[in-house]
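Let's take a walk through this structure together, one neighbourhood at a time. Keep the picture open as you read.

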Amino acid sequence: MKQQTRVIKKNAFSPRWNETFTFIIHVPELALIRFVVEGQGLIAGNEFLGQYTLPLLCMNKGYRRIPLFSRMGESLEPASLFVYVWYVR
């Protein structure tokens with residue numbers, strides 16, 4: 001399943017989405033969660049900026065810092081996402 005936030009304009013250095021997503025997962029042992037950050041381009045479309053993927057069961061509840069990596073797996077430190085994770089098993 002895929003969900004996408006709305007576009008944040010004129011705030012490239014510290015955007016805030018304040019959105020909630022709900023997923024129903026039937027086999028959590030096989031589920032992965034992937035965070036992808038893209039910049040909205042006027043001519044070429046969306047530009048990949050960074051990503052992070054991990055097994056769903058590795059995500060702990062609470063506030064979490066999600067580091068971002070390039071397509072090649074190189075760290076983009078200090079770029080990261082700050083998320084709140086909550087789930088029911």
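**A guided walk**

S70 lies in the loop between β3 and β4; strands here are DSSP runs of E, at least two residues long, and helices are runs of H or I, at least four residues long, numbered from the N terminus. Before going further, a word on where this comes from: it is a predicted model, in which local features need pLDDT of at least 70 and side-chain atom pairs count only at pLDDT 80 or more, while totals for chains, interfaces and linings use all residues. Residues are numbered from 1 along each chain as its sequence is written, and side-chain values use heavy atoms, with hydrogens and water left out.

Back to S70. Is S70 buried or exposed? It counts as buried, because its relative accessibility is 12% (buried means under 20% relative accessible area, exposed over 50%, and partly exposed in between, with a 1.4 Å probe and protein chains only). Setting aside neighbours within four places in sequence, S70 is in contact with F48, Q51 and L76, where contact means heavy atoms within 4.5 Å.

Two of those partners are worth a stop. F48 has R71 lying over the face of its ring, 4.1 Å from the ring centre. (A charge sits over a ring if NZ of Lys or CZ of Arg is within 6 Å of the ring centre and within 35 degrees of the ring normal.) K61 does something of this kind too: its charged end sits over the ring of Y87, 5.1 Å from the centre.

The other partner, Q51, is found in strand β2, residues 46-55. With a relative accessible area of 15%, Q51 is buried. Not counting residues up to four places away in sequence, Q51 touches R34, F35, V36, P67, L68, F69 and S70. The side chain of Q51 also makes a polar contact with the side chain of T53, at 3.1 Å. A polar contact is a pair of N or O atoms within 3.5 Å; within protein, one must be able to donate a hydrogen and the other to accept it, and residues adjacent in sequence count only if both atoms are side-chain atoms.

Now for the core. In soluble globular proteins, nonpolar side chains tend to be buried together. Which residues make up the largest nonpolar core here? There are nine in all: F35, V37, L54, M59, I66, L68, L81, V83 and V85. A nonpolar core is a set of buried Ala, Val, Leu, Ile, Met, Phe, Trp, Tyr and Cys residues joined through side-chain atoms within 4.5 Å. Strands β1, β3 and β4 each supply at least two residues of this core, and the largest share, three residues, comes from β4. One core member, V85, touches M59, N60, K61, G62 and R64, leaving out residues up to four places away in sequence.

Next, the aromatic rings. A search of the whole structure finds three aromatic pairs. One of them is Y63 with F82, a stacked pair at 5.5 Å centre to centre with 10° between the planes. This pair links distant parts of the chain, with Y63 in strand β3 (residues 62-69) and F82 in strand β4 (residues 75-85), 19 residues apart. Rings of Phe, Tyr and Trp (its six-membered ring) pair if their centres lie within 6.5 Å; planes under 30 degrees apart count as stacked, over 60 as edge-to-face and the rest as tilted. Both Y63 and F82 are exposed, and together with Y84 they form one aromatic cluster.

The same two strands meet again in a salt bridge: E77 in strand β4 pairs with R65 in strand β3, twelve residues apart. Their closest N and O atoms are 2.9 Å apart. (A salt bridge is a side-chain nitrogen of Lys or Arg within 4 Å of a carboxyl oxygen of Asp or Glu.) E77 is exposed, with a relative accessible area of 54%, while R65 is partly exposed at 43%.

The search finds two salt bridges in the whole structure, and E19 with R6 is one of them, the closest N and O atoms being 2.7 Å apart. Both residues lie in the segment before β1, so the pair ties together parts that are 13 residues apart in sequence.

Our last stop, W17, is also found in the segment before β1 (32-40). W17 counts as partly exposed because its relative accessibility is 26%. Its side chain makes a polar contact with the side chain of T5, at 3.1 Å. Not counting residues up to four places away in sequence, W17 touches T5, R6, I8 and L81.
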